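Colleague: Could you take me on a close look at one sheet of this protein, and then show me what lies around it? I work at the bench, so please explain the terms as you go.

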Amino acid sequence: MAAALRASRILFGLLILLTEGCQMWALVLTSNNNNPVVNEFESATLSCLIESTVTVHPRIEWKKLSKSNVAPSHVYFLKKFTGDLEGRADIDKATLFIYNATRKDTATYRCEVTAINDENSLGELYINLTVQVKPITPRCFVPKSVPVGKTATLTCAENEGYPPSMYSWYRNGEHIPTDYKSNPKFLNSSYKIDSSTGTLLFTATTKQDTGEYHCVALNHAGHAECGSQRMEIYDINIAGIIGGVLVVVLVLLVITIVIRLAYKRGYFAKKQSASSNYKASSKADGVDYVRSNSVDDEGDFRHKSSFII
């Protein structure tokens, strides 16, 4: 029994040594951060660490993957930077450093290491780089005047920030909550806010909604806001509208009565008969004066018709 136990221990030890030996001959890649996030114009580190290899000088390549079906493009090949990274990148062993990162650098990158003396000669590691972009000043629209009880739509948008901006509205410098019931100052208001699109919709305006409004666009890289604009809520003058309508109706009624009286007194009929009695003068009966084809020496006209006396 003792001999059998000793033999099993020896076999177990040999197995461990064999496993460790295989690992030493295998290429292993790791990373300190597979999803780095930086702001625009900052430096980005794409960590690719060679944990183990027996190859003295492994070949290192970096490729930028496209979201479409386009083939990956080299950014580091044959110890040279190409494409967008040329002149603003560096490499230390297999780790890639990008200086002055821009929004175009946001992509998935692949670190490829070829070690010809290792059991598995090719190793790959994927790094997802995100370059955040600060929002620009949003474009805001605030209606200048709205009647009480009517709807009003305020809009705010910008398209430069990355990740896409979220929006918040302020009235007289105070933040407008998404739920108007959470702040006593907005209990009399009735509105809906869409933080992703920047739309503030008043379903039924009140006098309390009058004020100075401005919007703020915000993401992880920073924020930007538009200038304040005033919205005035006014009462509709129902009495004035009704009075105006009555005046117009009264004027039309007076004009109608005047026209009917004029017809009854014959003003329009006399004028029509006078114009119909007029006739153009006709030629003298039985007489036809025709100018002769030629004028005689005295310049007289010839008499073509005879007179009956």
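**The sheet around β10**

Modeller: Let's start with β10 and strand β11 (residues 122–132), which pair in the antiparallel sense over eight bridges. A strand here is a DSSP run of E with at least two residues, a helix is a run of H or I with at least four, and both are numbered from the N terminus. Two strands count as paired if DSSP finds at least two bridges between them. This is a predicted model, so to speak, with rules attached: local features need pLDDT of at least 70, side-chain atom pairs count only at pLDDT 80 or more, and totals for chains, interfaces and linings use all residues. Residues are numbered from 1 along each chain as its sequence is written, and side-chain values use heavy atoms, with hydrogens and water left out.

One contact point to find on your screen is Cys111, whose bridge partner in β11 is Leu125. On another side of the story, β10 also pairs with β5, again in the antiparallel sense, over seven bridges. There, Lys64 stands opposite Tyr109 of β10. Strand β10 itself (residues 107–114) is mostly covered, with six of its eight residues buried. Buried means under 20% relative accessible area, exposed means over 50%, and partly exposed is in between, using a 1.4 Å probe and protein chains only.

Moving on from β5 (residues 59–65), three bridges join this strand to β6 (residues 73–77), and the two run antiparallel. Trp62 stands opposite Tyr76 in β6. Put together, these strands belong to an open sheet of six, in the order β2-β11-β10-β5-β6-β7, with mixed pairing. The edge strands are β2 and β7 (80–81), each of which pairs on one side only. As general background, strands of a sheet pair through backbone hydrogen bonds, either parallel or antiparallel.

From the edge strand β2 you can walk along the chain to a second sheet. The loop between β2 (37–39) and β3 holds Ser43. Ser43 counts as partly exposed because its relative accessibility is 46%. Setting aside neighbours within four places in sequence, Ser43 is in contact with Val38, Ile98 and Tyr99, where contact means heavy atoms within 4.5 Å. Ser43 and Ala89 are 46 residues apart in sequence, and their C-alpha atoms are 9.3 Å apart in space.

That second sheet is open and has three strands in the order β3-β9-β8, with antiparallel pairing. Its edge strands, each pairing on one side only, are β3 (44–46) and β8 (89–92). From one strand to the next, the twist averages 20 degrees; axes are lines fitted to C-alpha atoms, for helices over the stretch in contact, and angles run from 0 to 180 degrees between N-to-C directions. Four bridges join β8 to β9 (residues 95–98), running antiparallel, and Asp92 has Thr95 as its bridge partner in β9.

Further along the chain there is a hairpin, in which two residues join β19 to β20. Strands β19 (residues 211–219) and β20 run antiparallel and are joined by four bridges. Val216 stands opposite Glu225 in β20. Strand β20 (residues 222–225) has a covered face, Gly222 and Ala224, and an uncovered one, His223 and Glu225.

Glu174 is also worth finding, in strand β16 (residues 174–175). With a relative accessible area of 27%, Glu174 is partly exposed. Apart from neighbours within four places in sequence, Glu174 is in contact with Trp169, Asn183 and Lys185. Glu174 and His214 are 40 residues apart in sequence, and 9.8 Å apart from C-alpha to C-alpha.

Finally, here is the wider setting. The protein chain has three helices and 21 strands. Of its 309 residues, 30% count as buried. Among contacts with a separation of 6 or more, 59% are between residues 24 or more positions apart. The accessible surface of the chain comes to about 21200 Å², of which 58% belongs to carbon and sulfur atoms; such areas come from the Shrake-Rupley method with a 1.4 Å probe, and for residues only the protein chains shown count as cover. Helix α2 (residues 238–264) contains Leu252, which counts as exposed at 52% relative accessibility.
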